[in-house]
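Subject: Structure handover

Dear colleague,

Here is the structure for you to look through. My notes on its pockets and helix packing follow.

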Amino acid sequence: IHADLAPENIVVSSERRLILVDNENLAVDAPGFDLARTWYRWPMDEFRSATFLAGYRRHSDPAVFLDYAEFWTMVVLLEAAHFRVMRNTPDATVPLDRLRGMVFGSGDSLTGAHP
């Protein structure tokens, strides 16, 4: 998995090929985690989300994420909260606020439009 797929980590080469950068988190891990992390790092509206999934389906089945989206979303939000709190980053409460929203029913889905 890449674990950090986001627009700022995609570069277009002079040959107009897409190149992924910021690869220090490459790992053998759960694809469901990677897709949840992608949605967390790369907010998409419903159209872009559907387009992304259509492209993803050409290479792999997103069901490993979609069937358990709530679980993978919580895993990613907890991991992001841990990272931000331990490093005392700005907006450290953002993932915790999203997690609270999920738990108490006011949160958004990572696979749809994001605030």
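Two helices, helix 1 (31-41) and helix 2 (46-57), each supply at least two residues of the lining of the largest pocket. Please keep in mind that this is a predicted model.

Helix 1 gives the most to that lining, with four residues. The full lining consists of Ile1, His2, Leu5, Pro31, Asp34, Leu35, Thr38, Phe52, Gly55, Tyr56 and His59. By class, six of these are nonpolar, four polar and one charged. The space in the largest pocket comes to about 230 Å³.

Helix 1 and helix 2 also pack against each other. Their axes come within 12 Å and cross at roughly 150 degrees. Angles over 145 degrees count as roughly antiparallel, and helix 1 and helix 2 are therefore roughly antiparallel to each other. The crossing of helix 1 and helix 2 is right-handed. On the helix 1 side the contact involves Pro31, Leu35, Thr38 and Trp39, which meet Ser49, Phe52, Leu53 and Tyr56 of helix 2. This contact has six nonpolar and two polar residues, and no charged ones. Pro31, Leu35, Thr38, Phe52 and Tyr56 appear both in this contact and in the lining of the largest pocket.

The second largest pocket has a volume of about 160 Å³. Leu5, Ile10, Leu18, Ile19, Leu20 and Trp42 line this pocket. Strand 2 (residues 18-20) gives the most here, with three residues. The lining has six nonpolar residues, with no polar and no charged ones. Leu5 is found in the lining of the second largest pocket and also in that of the largest pocket.

The other helix pair to look at is helix 4 (residues 69-86) with helix 5 (residues 94-103), which pack at an angle of about 150 degrees with their axes 8 Å apart. Helix 4 and helix 5 are therefore roughly antiparallel to each other. Their crossing is left-handed, whereas that of helix 1 and helix 2 is right-handed. From helix 4, the contact takes in Glu70, Thr73, Met74, Leu77, Leu78, Ala80, Ala81, Arg84 and Val85, and from helix 5 it takes in Val94, Pro95, Leu96, Arg98, Leu99, Met102 and Val103. By class, the contact of helix 4 with helix 5 has 12 nonpolar residues, one polar and three charged.

Regards

Note on methods
Residues are numbered from 1 along each chain as its sequence is written. This is a predicted model: local features need pLDDT of at least 70, side-chain atom pairs count only at pLDDT 80 or more; totals for chains, interfaces and linings use all residues. Side-chain values use heavy atoms; hydrogens and water are left out. Axes are lines fitted to C-alpha atoms, for helices over the stretch in contact, and angles run from 0 to 180 degrees between N-to-C directions. Angles under 35 degrees count as roughly parallel, over 145 as roughly antiparallel, 65 to 115 as roughly perpendicular and the rest as oblique. A crossing is left-handed if the near helix is turned anticlockwise from the far one by less than a right angle, and right-handed if clockwise. Contact means heavy atoms within 4.5 Å. Ala, Val, Leu, Ile, Met, Phe, Trp, Tyr, Cys and Pro count as nonpolar, Asp, Glu, Lys and Arg as charged, and the others, Gly among them, as polar. On a 1 Å grid over the protein atoms alone, a cavity is a set of points where a 1.4 Å probe fits but cannot get out, and a pocket is an open set with protein on both sides within 12 Å along at least five of seven lines; lining residues have an atom within 4 Å of a point. Grid points are joined across faces, edges and corners, and a volume is the space filled by probe spheres set on the points.
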